[in-house]
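Below are some remarks on the model you sent round, set out as numbered points.

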Amino acid sequence: MRLLRTAVLGACLSLSTLALASPSAPQNGVDYVTLAQPQPVQAAGKKVEVIEFFMYHCPVCNALEPGLEAWIRQQGDRIAVRRVHFPFTGPADPEAHLYLTLEALGKLDEMHAKVFKAVHVDRVRLNTDAAIIDWASRNGIDRAAFLNAWNSFGVTMKLRQLSKIVADYKIESAPTLVIDGRYVTSPSIVNKDLKTSDRNALFNATLEVAGKLVDQAAKAK
């Protein structure tokens, strides 16, 4: 009888742990990690900053994008979103350079989704400076204006700073979300415990974790 009670107790404890390690009640070290050194945020007032580290050529980033955009709209004015392109090939990463140039031109709302489509649907290889500049000019951006922004001091400095930003936030892969400069989650982190092959379920779970972290951060403001 004592063995039976011990077994039942062990099962209950296991179920309790499993319940805590879930998207609806995210657990530090399981569904997300907390940075030992929180990073300064740019969000003003009571808004919670959400940063997405991504890469244009990343298939998971591309697949996550529609759900992430819907989640951002759902969060409304309580969050401020920033995106940081992971410098996959180093401090002169062409795709990161493209993102920063579009940002400088005020063209992200117009072009961000088009870049994903070009890479993942149209199979355009935007992996060199020349290919990106040609693609931009063929897609309605004045070539001289694009080159001016591309070669500008501001864009060049931001491009050089990306490696430090990635190191400061301890980012190892993309896509990764950082909430309020301190909480880090991603599909790869969430799936260590969730262990699902259903990509949509994984994305939904990741965004649910992110939402709970926004709640947590908002309460502290």
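The points below take a paired-strand unit and then two pockets.

1. The model is a predicted one, in which local features need pLDDT of at least 70 and side-chain atom pairs count only at pLDDT 80 or more, while totals for chains, interfaces and linings use all residues. Residues are numbered from 1 along each chain as its sequence is written, and side-chain values use heavy atoms, with hydrogens and water left out.

2. Strands β2 (residues 48-54) and β3 (residues 79-85) run parallel and are joined by seven bridges, pairing being called when DSSP finds at least two bridges between two strands; in this pairing Val48 stands opposite Ile79. Together with helix α2 (residues 59-75), β2 and β3 form a right-handed β-α-β unit (helices being DSSP runs of H or I of at least four residues, strands E runs of at least two, numbered from the N terminus; right-handed meaning a clockwise path from the first strand over the helix to the second, with the strands pointing away from the viewer).

3. The largest pocket (on a 1 Å grid over the protein atoms alone, an open set of points where a 1.4 Å probe fits, with protein on both sides within 12 Å along at least five of seven lines; lining residues have an atom within 4 Å of a point) has a volume of about 420 Å³, a volume being the space filled by probe spheres set on the points. Of its 18 lining residues, Gln42, Arg82, Val84, Gln161 and Ile165 lie nearest the centre, and α7 gives the largest share of the lining, six residues.

4. The second largest pocket has a volume of about 360 Å³, and α8 gives the largest share of its lining, three residues.
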